[in-house]
Amino acid sequence: MHSPSQLPVHHTNTPEHRPIKRHHTARYYVHRVKESLTTRLSKLICAIFLSLLLIVGIITFILWLSLRPHRPRFFIHDFSVPGLGLETGFENAQIAFNVTARNSNLNIGIYYGSITGSVYYRDQKIGSTPLLDSYYEAPKTTKVLAAVLSGATLNINNERWMEFNNDRSKGTVAFRLEITSTIRFRISTWDSKRHGMHANCDVSVGPDGMILPSSRDVRCPVYFT
């Protein structure tokens with residue numbers, strides 16, 4: 001029953017309110033399937049390309065690591081100034097040293113030009129001597145470089161010797177041994193350009209003129225010019 005103020009409402013499915021049913025042709029569905037296959041194929045090609053790019057990048061990085069030359073490694077093992085405590089020791093002064101040059105590369109050789117060893121005291125060169133003529137160092141090998149400076153290869157006068165002994169009275173005398181050469185790297189049949197090489201070994205001796213334990217077997221910094 002309806003109240004007098006309300007009128008019954010009847011819903012009828014007029015053409016304006018009926019849901020519209022869309023009918024697609026077979027050509028439409030074929031087109032949709034082609035689009036789906038094209039999208040999947042494009043994604044597959046992109047995935048394969050990115051995977052190949054990643055593999056090539058990893059291989060290139062590994063080759064770069066294996067073929068990248070490492071600088072030679074120098075270590076100082078012995079250094080001595082015999083007769084350091086003698087007042088007239090400068091008349092027969094000697095400086096002896098022993099260092100090693102290590103080629104740590106796995107597949108890369110090193111060509112050295114002539115190698116020279118020089119000793120510095122307070123940044124003043126006091127002696128120098130040739131150590132080796134041209135030399136090829138094979139991968140994973142070590143070369144011993146040893147010399148004794150005296151006479152014409154050592155420039156020490158009485159004043160310099162007094163400075164040595166003043167430092168000696170304080171417990172240590174500091175020197176710097178510099179190894180210089182020109183080097184180039186050999187990778188298979190390819191040679192790199194030449195580099196000027198400098199290895200600087202800071203070393204101290206005690207009152208007896210012998211190398212201190214803190215300076216023994218220490219790796220020397222190497223730089224190129």
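# Reading burial, bridges and pairing

Me: I would like to start with a single cysteine and learn the accessibility values from there: is Cys46 buried or exposed, or does it fall in between?

Reply: Cys46 is partly exposed, with a relative accessible area of 48%. The class follows from the cut-offs, because buried means under 20% and exposed means over 50%. Please keep in mind throughout that this is a predicted model.

Me: What share of the residues in the chain is buried?

Reply: Of the 225 residues in the chain, 32% are buried. For the surface as a whole, the chain exposes about 15,200 Å², and carbon and sulfur atoms supply 58% of that area.

Me: Which cysteines form a disulfide?

Reply: The general idea is that a disulfide is a covalent bond between the sulfur atoms of two cysteines. In this structure the count comes to one disulfide, and the pair is Cys201 and Cys220, whose sulfur atoms are 2.0 Å apart. Cys201 lies in strand E10 (residues 195–205) and Cys220 in strand E11, so the disulfide ties together parts that are 19 residues apart in sequence. The torsion about the S-S bond is about 110°, which means that this disulfide is right-handed.

Me: Are Cys201 and Cys220 buried or exposed?

Reply: Cys201 counts as buried at 1% relative accessibility, and Cys220 is buried as well, with a relative accessible area of 3%.

Me: Turning to the fold, how many helices and strands are there in the chain?

Reply: The chain has two helices and twelve strands, and when you read along the sequence they follow the pattern α-β-β-β-β-β-β-β-α-β-β-β-β-β. Contacts tell you how distant parts of the sequence are brought together: among those between residues at least 6 apart in sequence, 71% join residues at least 24 apart.

Me: What is the order of the strands in the open sheet of four strands?

Reply: The order is E7-E2-E1-E11, with antiparallel pairing. Strand E7 (141–150) and strand E11 (218–220) are the edge strands, each pairing on one side only, and the twist from one strand to the next averages 30°. If you look at one pair within this sheet, E1 and E11 run in the antiparallel sense and are joined over three bridges; one residue to follow is Ile76, whose bridge partner in E11 is Val218.

Me: Ser80 would be a useful single residue to inspect next, so where is Ser80 placed, and which residues does Ser80 touch?

Reply: Ser80 belongs to strand E1 (residues 73–80) and is buried, with a relative accessible area of 9%. Leaving aside residues up to four places away in sequence, Ser80 touches Gln94, Ile95, Ala96, Gly209 and Met210. The pair with Met210 shows how sequence and space can part company, since these two residues are 130 apart in sequence while their C-alpha atoms are 4.6 Å apart.

Me: How many salt bridges does the structure hold?

Reply: There are five salt bridges, and one of them joins the side chains of Asp167 and Arg122, with an N to O distance of 3.1 Å. Asp167 sits in helix H2 (residues 158–169), whereas Arg122 is in the loop between strand E4 (115–121) and strand E5 (124–132), so this pair ties together parts that are 45 residues apart in sequence. Asp167 is buried, with a relative accessible area of 12%.

Me: Which residues are linked in a network of salt bridges?

Reply: A network can arise when one residue takes part in two bridges, and here the linked residues are Arg184, Arg186 and Asp191. Asp191 meets Arg184, with the closest N and O atoms 2.7 Å apart, and Asp191 also meets the side chain of Arg186 at 2.2 Å, N to O. On accessibility, Arg184 is buried at a relative accessible area of 19%, while Asp191 is partly exposed at 26% and Arg186 is partly exposed at 24%. The value for Arg184 deserves a careful reading, because buried means under 20%.

Methods:
Residues numbered from 1 in each chain as written. Predicted model: local features only at pLDDT ≥ 70, side-chain atom pairs only at ≥ 80, totals over all residues. Heavy atoms only, no water. Buried < 20%, exposed > 50% of the residue type's maximum accessible area, 1.4 Å probe, protein only. Contact = heavy atoms within 4.5 Å. Salt bridge = Lys/Arg side-chain N within 4 Å of Asp/Glu carboxyl O. Areas by Shrake-Rupley, 256 points an atom, 1.4 Å probe, with all protein chains shown as cover. Pairing = 2+ DSSP bridges. Axes fitted to C-alpha atoms, helices over the stretch in contact; angles between N-to-C directions. Disulfide = S-S within 2.5 Å.
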